[in-house]
Amino acid sequence: MKITVVIPDKTVVVDGVGYTVAMPSVAEAEAFYSIVWDGEKGEADRDDGTEPVKLTREDYGRFVYPYYLAWQNAKAAADKEAEIAKEAAWAMYNSPEALWHRLRKERNKRLAETDYVFAPDYPALTSESLDAVKSYRQALRDLPSHPGAPWTDETVPWPDKPAVAKEG
């Protein structure tokens, strides 16, 4: 596990994932600017620019681990916040207002897909086809008044789109 700590920035990066953390009080590390740990050994740069301090496995618990724990706490808080945001987004997506909006939007799209049939330059349809298209369009318009509306996206009882046959 690779850990980088930049003490003045209150930043801890573990295996490439960084967080701003509540910095622990590590008495001997207060003179450090940064700590880099590669999993086996590390190095701490001093604030005063003098020679870096070499860190061994025995130093890990004193100089690195407290910052790792702070990173874990920051990560847990960020994960919790992300989960809350995800749940809120899901609740908003499935709110009655959003379900109504998506139902009407898809209904209007499906209505528009049959508009061409009524264009003055479109060839005449058989009476059965014209009646089927009109019934389909009416079923789409009536959909929001059906019991159970609005439905989730997967459960909308869409009417079947009719086949269109031209006269002649």
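Biologist: Is Lys10 buried, partly exposed or exposed, and what is its relative accessible area?

Modeller: This is a predicted model, and in it Lys10 is found in the loop between β1 and β2. Buried means under 20% relative accessible area and exposed means over 50%. The value for Lys10 falls in between, so Lys10 is partly exposed, with a relative accessible area of 45%.

Biologist: What is the phi of Lys10, and which residue in the loop between β2 and β3 also has a positive phi although it is not a glycine?

Modeller: Most residues other than glycine have a negative phi. Lys10 has a positive phi of about 55° although it is not a glycine. In the loop between β2 and β3 (17-20), a positive phi of about 50° belongs to a residue that is exposed, with a relative accessible area of 52%. That residue is Asp15.

Biologist: Where does Ile7 lie, is it buried or exposed, and which residues is it in contact with beyond its neighbours within four places in sequence?

Modeller: Ile7 lies in the loop between β1 (3-6) and β2 (11-14). Its relative accessibility is 18%, and because buried means under 20%, Ile7 counts as buried. Leaving aside neighbours within four places in sequence, the residues in contact with Ile7 are Met23, Ala29, Phe32, Tyr33, Ile35 and Tyr67.

Biologist: In which strand is Ser34, and which residues does it touch, not counting those up to four places away in sequence?

Modeller: Ser34 lies in strand β4, which covers residues 32-37. At 8% relative accessibility, Ser34 counts as buried. Not counting residues up to four places away in sequence, Ser34 touches Val5, Val6, Glu43, Ala44 and Asp45.

Biologist: Is Gly49 buried or exposed, and how far is it from Phe32 in space?

Modeller: The place of Gly49 is in the loop between β5 (42-46) and β6 (53-55). Exposed means over 50% relative accessible area, and therefore Gly49, at 63%, counts as exposed. Gly49 and Phe32 are 17 residues apart in sequence, and their C-alpha to C-alpha distance is 9.4 Å.

Biologist: Which residues is Ala70 in contact with beyond its neighbours within four places in sequence, and how far is it from Val13 in space?

Modeller: Ala70 is found in helix α1, and at 9% relative accessibility it counts as buried. Leaving aside neighbours within four places in sequence, Ala70 is in contact with Val21, Ala22 and Pro24. Ala70 and Val13 are 57 residues apart in sequence, and C-alpha to C-alpha they are separated in space by 11 Å.

Biologist: Which residues does Tyr93 touch, not counting those up to four places away in sequence, and how far is it from Val6?

Modeller: Tyr93 lies in helix α1 and is partly exposed, with a relative accessible area of 36%. Not counting residues up to four places away in sequence, Tyr93 touches Ala98, Leu99, Arg102 and Asp153. Tyr93 and Val6 are 87 residues apart along the chain, and the separation of their C-alpha atoms is 40 Å.

Biologist: Which residues of α2 are buried, and which helices do they pack against?

Modeller: The buried residues of α2 are Ala98, Leu99, Arg102, Leu103, Arg107 and Leu111. Of these, Ala98, Leu99 and Arg102 are touched by Tyr93, a residue of helix α1. The helices that the buried residues of α2 pack against are α1 (57-93) and α3.

Biologist: What span should α2 have at 1.5 Å a residue, and how far apart are its end C-alpha atoms?

Modeller: Helix α2 has 17 residues, which should span 24 Å at 1.5 Å a residue. The distance between its end C-alpha atoms agrees with that expectation, being 24 Å.

Biologist: Are α2 and α3 roughly parallel or roughly antiparallel to each other?

Modeller: The axes of α2 (residues 96-112) and α3 (residues 127-142) come within 10 Å and cross at roughly 165°, and α2 passes α3 in a left-handed crossing. Angles over 145 degrees count as roughly antiparallel. The two helices, α2 and α3, are therefore roughly antiparallel.

Biologist: Which residues meet where α2 contacts α3, and how many of them are charged?

Modeller: From α2, Arg107, Arg110 and Leu111 meet Tyr136, Arg137, Leu140 and Arg141 in α3. By class, this contact has 3 nonpolar and no polar residues, and the number of charged residues is 4.

Biologist: Which residue does a cis peptide bond join to Ala149?

Modeller: Most peptide bonds are trans. Here a cis bond, with omega about 0°, joins Ala149 to a residue whose place is in the segment after α3. That residue is Pro150.

Definitions and conventions:
Residues are numbered from 1 along each chain as its sequence is written. This is a predicted model: local features need pLDDT of at least 70, side-chain atom pairs count only at pLDDT 80 or more; totals for chains, interfaces and linings use all residues. Side-chain values use heavy atoms; hydrogens and water are left out. Axes are lines fitted to C-alpha atoms, for helices over the stretch in contact, and angles run from 0 to 180 degrees between N-to-C directions. Angles under 35 degrees count as roughly parallel, over 145 as roughly antiparallel, 65 to 115 as roughly perpendicular and the rest as oblique. A crossing is left-handed if the near helix is turned anticlockwise from the far one by less than a right angle, and right-handed if clockwise. Contact means heavy atoms within 4.5 Å. Ala, Val, Leu, Ile, Met, Phe, Trp, Tyr, Cys and Pro count as nonpolar, Asp, Glu, Lys and Arg as charged, and the others, Gly among them, as polar. The expected span of a helix is 1.5 Å times one less than its number of residues. Buried means under 20% relative accessible area, exposed over 50%, partly exposed in between (1.4 Å probe, protein chains only).
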